[in-house]
Every structure is written in C-alpha cells, then in structure tokens.
Amino acid sequence: MKFEIVTIFPDFFRGPLDYGIVRRAREAGLVEFALHDLRAFTRDRHKTVDDRPFGGGEGMVFKPEPLFECVESLGVTAKDQRDRKRESVVLLSATGKRFDQQTAQELAQLERVVLICGRYEGVDERVNDYLADREISVGDFVLSGGEIGAALIIDAVTRLIPGALGNEASSQQESFSHRVLSPAIESDGRLAPSSTCGSGGLLDYPHYTRPAEFRGWRVPEVLAGGNHDEIRRWRRRRALEKTVRNRPDLLERVELSEEEREMLEKIRGQER
C-alpha cells in the first residue's frame with residue numbers, strides 16, 4: 001500500500017513514520033510513504049495556501065488551486081473510478097465522518113490512499129465536492145490541523161495489512177474489531193483449546209502479565225487455572241462490563257449470543 005500525504009508541514013511526519021509497526025512495515029516493503037509539500041504548488045512568491053472566507057467569518061480557508069494541482073500531479077484516478085482502482089483521496093476535516101475500526105479495515109483493502117491534511121478554519125468545499133471521495137474526522141474535537149489525524153489513520157490502517165504484525169490474530173482480537181477468529185487446528189485434526197475471543201465490536205477484555213502478585217494485587221485466579229472455557233467466559237464478561245461502563249453506544253450495533261445477552265442482563269442488574 002502507498003500513502004501519499006499532502007501537507008504544509010512535511011517535517012511533522014519524520015517522527016510518526018519512523019517508529020514501531022509503521023517503520024517495520026515500511027522496511028519490509030508492506031507500505032510506502034510519499035510526502036507532498038502543498039506550498040510547492042502555489043504560484044506567488046509568498047507561497048500562499050489560504051485566503052479569507054467568502055461571506056465573512058473568522059479564520060482563513062485553504063485555497064482550492066494548490067490542493068487540486070498537487071493531487072492531480074500524483075496521477076490519481078478520477079473520483080468516480082477510484083473504487084475500481086482501489087484508491088481513495090481522504091480529506092481530514094473536523095466536519096467529516098468519524099473514523100473507526102471499520103473505516104480502517106476498508107482503507108486497508110486499498111492499494112493507494114491520499115491524505116489531505118486540512119488546517120486553519122477549513123478547506124474550500126470544492127475540494128470535498130470534486131476532489132476527495134472521503135471526508136474523515138478522527139474524533140469529536142478540533143485539532144490545529146490534519147497532520148496528527150493522518151498519522152493516526154496511517155497507524156490504524158498499517159497494522160491491519162497482512163504481515164505488519166508479528167501475530168496476525170492480534171488485530172482480530174482487539175477492541176472494535178468485528179472479525180471472527182478461525183479456530184486453531186491440532187495436528188490430529190482436533191480443535192485446539194482457545195481462551196481468546198474476538199471483540200466482536202466490543203471493547204477488548206482486560207489483560208494481565210507477570211508477576212502474578214504486585215503490591216498485594218493478584219491476577220484473577222481464573223486466568224491461571226488453565227480452563228480455557230472458563231477463561232473465555234470470564235474475558236467475555238469483562239469485555240461486556242468495560243463496554244457498558246465506557247462505551248455503551250457500541251452495544252447498539254453488535255450481535256450478542258444468548259450467553260452474552262444473559263451476561264449483559266446480569267451486569268446491568270448489578271449496576272442498578
């Protein structure tokens with residue numbers, strides 16, 4: 001996959017792209033990055049990329065000319081043909097659709113993603129209407145510019161690319177993931193015991209590691225007992241508890257088994 005980043009601060013990305021999974025994926029040839037300085041596509045000696053908004057108002061707005069020239073210079077496919085070419089031009093904007101794990105999974109299926117980092121008061125709407133095919137916000141808050149959001153999207157998408165993680169199952173078991181894990185098979189054909197469970201769109205279950213006791217706080221006994229079914233049920237209940245407490249809105253769009261619905265009723269009953 002290739003990420004093309006359009007920004008007035010290309011040096012910003014020298015940090016986020018040089019560490020962890022993103023760096024390893026780049027070195028392994030799984031992802032490629034190209035930084036494009038928007039000011040290189042201006043026509044005046046001051047390299048002006050913004051202007052006052054029509055109709056009045058506070059702040060400055062990104063001009064359409066340099067953005068169109070920059071993106072078009074990349075040879076990006078026409079907007080109505082990008083799905084077929086597995087490309088997307090994304091405008092980072094506080095008014096966009098909120099970025100989530102499903103969107104990350106959609107982008108991970110593409111071969112090329114162009115990220116336009118908005119800034120100032122906003123971007124001329126003609127960029128959204130005629131150049132970008134996605135308008136994305138990384139959350140219900142306002143940032144000074146789209147660079148941080150672009151780095152966030154790159155990280156979230158890169159880790160979903162096959163080969164980017166040491167353990168491919170990791171991305172399937174995390175919070176918000178709707179993927180279903182395939183059961184492991186033993187050499188004799190039997191299903192391998194499994195105490196892990198995909199999040200199924202919920203928040204992830206709590207994790208513990210050694211030491212088993214720290215400052216008098218012990219790891220839950222069920223996790224050291226070796227009973228995979230009990231561990232799975234414990235983890236699923238704790239995932240439901242954390243989701244009810246921190247993100248109850250997620251429960252409205254996930255499918256729960258009968259066992260999980262019974263767990264949920266007990267959890268809600270205890271909170272009343």
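How many residues apart are Glu258 and Arg261 in helix H9? They are three residues apart, which is about one helical turn; the last legend comes back to the pair.

Before the views, a word on the model. This is a predicted model, where local features need pLDDT of at least 70, side-chain atom pairs count only at pLDDT 80 or more, and totals for chains, interfaces and linings use all residues. Numbering starts from 1 along each chain as its sequence is written, and side-chain values use heavy atoms, with hydrogens and water left out.

**View 1. The open sheet has five strands.** The order is E2-E1-E6-E5-E8, with parallel pairing. Helices (H or I, at least four residues) and strands (E, at least two) are DSSP runs numbered from the N terminus, and two strands pair if DSSP finds at least two bridges between them. E2 (32-37) and E8 (134-137) sit at the edges, each pairing on one side only. Neighbouring strands are turned by 30 degrees against each other on average, direction ignored; axes are lines fitted to C-alpha atoms, for helices over the stretch in contact, and angles run from 0 to 180 degrees between N-to-C directions. Strands of a sheet pair through backbone hydrogen bonds.

**View 2. E5 meets E8, with H4 lying across.** Five bridges join E5 (residues 87-98) to E8, and Leu91 stands opposite Glu135 in E8. Helix H4 (residues 101-108) lies across E5, E6 (112-117) and E8, at about 140 degrees to E8.

**View 3. The largest nonpolar core holds 30 residues.** Such a core is a set of buried Ala, Val, Leu, Ile, Met, Phe, Trp, Tyr and Cys residues joined through side-chain atoms within 4.5 Å. Buried means under 20% relative accessible area, exposed over 50%, and partly exposed in between (1.4 Å probe, protein chains only). Among the residues touching the most other members are Phe3, Leu107, Val113 and Ile153. H6 gives the most to this core, with six residues. Leaving aside neighbours within four places in sequence, Val113 is in contact (heavy atoms within 4.5 Å) with residues including Met1, Phe3, Val90 and Leu107.

**View 4. Helix H6 is mostly covered.** Nine of its 12 residues are buried, among them Glu147, Gly149, Ile154 and Thr158.

**View 5. Some backbone geometry is worth a look.** Most residues other than glycine have a negative phi, and most peptide bonds are trans. The bond from Arg210 to Pro211 is cis, with omega near 5 degrees, and Pro211 is found in the loop between H6 (147-158) and E9 (213-214). Lys47 has a positive phi near 55 degrees, and so does Arg215, also near 55 degrees. Lys47 is partly exposed at 42% relative accessibility, while Arg215 is exposed at 68%.

**View 6. Salt bridges turn up within helices and between distant parts of the chain.** A salt bridge is a side-chain nitrogen of Lys or Arg within 4 Å of a carboxyl oxygen of Asp or Glu, and the whole structure has 23. In H9 (residues 258-271), Glu258 and Arg261 meet at 2.8 Å, N to O. Glu27 and Arg23 pair up at 3.0 Å, four residues apart in H1. Asp140 and Arg98 have their closest N and O atoms 3.1 Å apart, yet the two residues are 42 apart along the chain. Asp140 is exposed at 66%, and Arg98 partly exposed at 43%. Finally, Lys2, Glu4, Glu32, Glu87 and Arg112 are linked in a network of salt bridges.
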